Amino acid sequence: MATNYEGDNIEFKDTIPLLPIRDIVVYPYMIIPLFVGRETSIEAVEQALTKNDRLILLASQKDITAESPQPSEIYDVGTLAMIMRMRKLPDGRIKILVQGLSKACIKEFIHTEPFYKVRIEKIEDRKVANDDMAIKALMRNLKEQLEKVITQGKMLSPDILMVLEDIHEAGRLADLVASNLSLHVAEAQLILETLDPIERLHKINEILVRELEIISMQHKIKNATRDEMSKTQKEYFLREQIKAIKSELGDENQEINDEFSEFRDKLKKAMMPPDVDRECQKQITRLEKMHPDSSEASIIRNYLEWLTELPWSTSSEEILDLDYAQKVLDEDHFELEKVKERILEYLAVKALKGRDMRGPILCLSGPPGVGKTSLGKSIARATGREFIRISLGGVKDEAEIRGHRRTYVGSMPGRVIQALKQIKTNNPVILLDEIDKMGGDFRGDPASALLEVLDPEQNHSFRDHYLNLSFNLSNVMFIATCNSLETIPAPLRDRLEVLNLSGYSHEEKIFISKKFLIPKQMKENGLTGEHVEFSDDSIKTVISNHTYEAGLRNLERKIGALCRKVAMKIARGEISKTIISTDVVDKYLGPPAYTEEDRKVFDEVGVATGLAWTSFGGQILYIESTKMKGKGITLTGQLGDVMKESAQAAMGHIRSKASDFGLDESIFEENEIHVHIPAGAIPKDGPSAGVTLATSIISLLTGVPISRDVAMTGEITLTGKVLPIGGLKEKVLAAMRMGLKTIIIPHRNEKDLADIPDKYKQELKFVLAKTLDDVLDSALVGWAEKKKIFSKKSAIKRPSTKTRDPNPPVAA
């Protein structure tokens, strides 16, 4: 049963479709277009047009973001409206033109699907006497306030004033003014729900008064900034407006938003040295007097930010527990006892002496892949310091170390100061990686700039060009890494405490693989012990046949490749455990890259095995000699001047002692000797191949083969003495990698055997040679018997004891 209401010749029903609207409140007598897009809303409009005489209830949502509002999210009071026009849009929405008729209150939600249908009750305004003098005065005041708002710049149409002249009802006047003001939904809804017209007029009047105050404040701000508008940039105008707003609001004393106060607060927290603090205060004072948009202000602002963010007095707490440091270093690295001992010495002295101790400046020198960079991280962890790495490879500009002066556009401090700002402590471990690979050009020499950084007598007052103030670097622990000390300038090398890291033997690589590399690669490739297992023989095969290096990088890559092959099998559904054997290694990694064919398999004439040192570790050199008709000696294999001179010295000694070797002098006149050192594309130099060159040539000329199990190294003189060489440990490791059993070294290198681990000495035989004869006795097969034969021949050919005239007459 429906209850009918009659008013303004329109019949109302108490059940009607509901259209929830967002971000707007519709008042009675208000005509407004609405866009409808929700399916439930479109259905409600269709029902209103077809079954409800075009009548629909418009009620605002409390939450404008709700797509399907619940009944509790819709205001109870709305406006009954008539749909005057409807048009469908191409995007599926509809556009309707509605006119508000009367206020209504929702009494019940009949259903919400497929559209909202509600039971309503018409709401009437309280009756007032519109001809009352007080009401007329209130209405006139409202019109005057609205006129002021319009004339002072409010975006309202002046035509509304003409419409208001014909309205004499207080309620309709209040609703019309409210509908033309940009009110929030909650505020507009409050006016809609106010049934007393006089109270509505008062509320509207308060809103207009507030609007006039806002407009007046805007004019006041504009007047305060008009004199400063010679610069018409938009940013300047906005900044001055903000200042005026703060002045009116009394917010100008809030220092938390003041840039200069922030800088001064940072100064207090930074606890800078007095001279630095004075410079900062001076720069802040200069900045306050400058225009904030000037280029100079930007430079000073950046400078102050750098100064206040540096760790002038911030240090990390250092761990001085020797047992803990030993444990950390042993966990991360195998062997490397000298480096570990040096770090423990530093911590012990630090514990005894206290804080007034400079950080050590170490240089870890060794071939690639032996753990120099990772050792720096372990040292930082063991000592409780922060760690940061600075890569110096390819650096050619001095400004990379000392920074640029502030006069340059885009200038900034050097890498050392940048690292300290990033790490936020003044006692980190800074790793200067690849210090031997710096260059130099017209922009300066960065190696020379490092002299101040790495000199303990100077770095307590390091002066960066950008800061132009002293910074104390004496608390920093600098650790440099390099592959070769030869390319580091002597003054810089003199400031470094060099610790040599040699390569690893096969046994060490097996141990490191099982303890470190294999677990790491299994974790990175998502494998566990249930998926894969490596046998010792398979690891040996990878080391011997697929890698040839002093370090561990390629070994780790090969182990990673094996793990990826296993991971691919598991991803394809093969869940059985994979045992990595020697056959599996060859299957997954392909043919061996290094085989036994690379070493001598029998004793040869004229082919000697030498030992060489490179920045990548020790290497084996095969020196080959042959002869042909001709005269003189030819040297090939990209040999340097020093190595060529070593060959000349060896040849000179052999010719001077030809009779002792059973050689006739004519052999040198009738034969050309050709000496070649593979590989021809690799440059070679140095004097340590002297004894190897001499042994190869003597073997060639006498026909006595050289033992395939013997390697040798040493410099030779014209008198046959064997002089000491360097890089002995790396050369010993290279000999072990090739399975050699005997190594001939100079007698004066006996002291260096202390650096060779005892297990190496047990596997190898070291021959200490003073002269070339000692070398030949151990290197040439059957040389002792040959020497006896040569001695007999020499005795037979020895001339009479009659003394020759040292100065025979010259024939005319």
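In this predicted model, I96 makes contacts well beyond its own stretch of sequence. With neighbours within four places in sequence set aside, I96 is in contact with L19, I32, P33, L34, V36, V45, I83, R85 and M86. I96 also belongs to the largest nonpolar core, which holds 52 residues. Within this core, L58, I96 and V177 touch the most other members. The greatest contribution comes from helix α2, residues 133–151, which gives 7 residues. A second core is separate from this one and has 50 residues. Its members include A297, L304, C363 and L392.

Strand pairing was examined next. Strand β7 spans residues 94–111. It is joined to β8 by 7 bridges, and the two strands run antiparallel. I106 has I120 in β8 as its bridge partner. The two strands form a hairpin, with 4 residues between β7 and β8. Strand β8, residues 116–123, is also joined to strand β3, residues 15–21. Here 4 bridges are found, and the strands again run antiparallel. In this pairing, P17 stands opposite K117 of β8.

A further sheet is open and consists of 5 strands. The strand order is β10-β11-β14-β9-β15, and the pairing is parallel. β10 (387–391) and β15 (497–500) stand at the edges. Each has a single partner strand, so one side of each is left without a neighbour in the sheet. From one strand to the next, the twist averages 25°. For β10, pairing with strand β11, residues 429–433, runs over 5 bridges in the parallel sense. Within that pair, R389 has L431 in β11 as its bridge partner.

The last site considered is T541. This residue lies in helix α19, which covers residues 536–546. Its relative accessible area is 10%. Because the cut-off for a buried residue is under 20%, T541 counts as buried. Beyond its neighbours within four places in sequence, T541 is in contact with H546, T582, V585 and D586. Of these partners, H546 falls within the residue range of helix α19 itself, 536–546.

Definitions and conventions:
Residues are numbered from 1 along each chain as its sequence is written. This is a predicted model: local features need pLDDT of at least 70, side-chain atom pairs count only at pLDDT 80 or more; totals for chains, interfaces and linings use all residues. Side-chain values use heavy atoms; hydrogens and water are left out. Two strands pair if DSSP finds at least two bridges between them. Axes are lines fitted to C-alpha atoms, for helices over the stretch in contact, and angles run from 0 to 180 degrees between N-to-C directions. A nonpolar core is a set of buried Ala, Val, Leu, Ile, Met, Phe, Trp, Tyr and Cys residues joined through side-chain atoms within 4.5 Å. Buried means under 20% relative accessible area, exposed over 50%, partly exposed in between (1.4 Å probe, protein chains only). Contact means heavy atoms within 4.5 Å.
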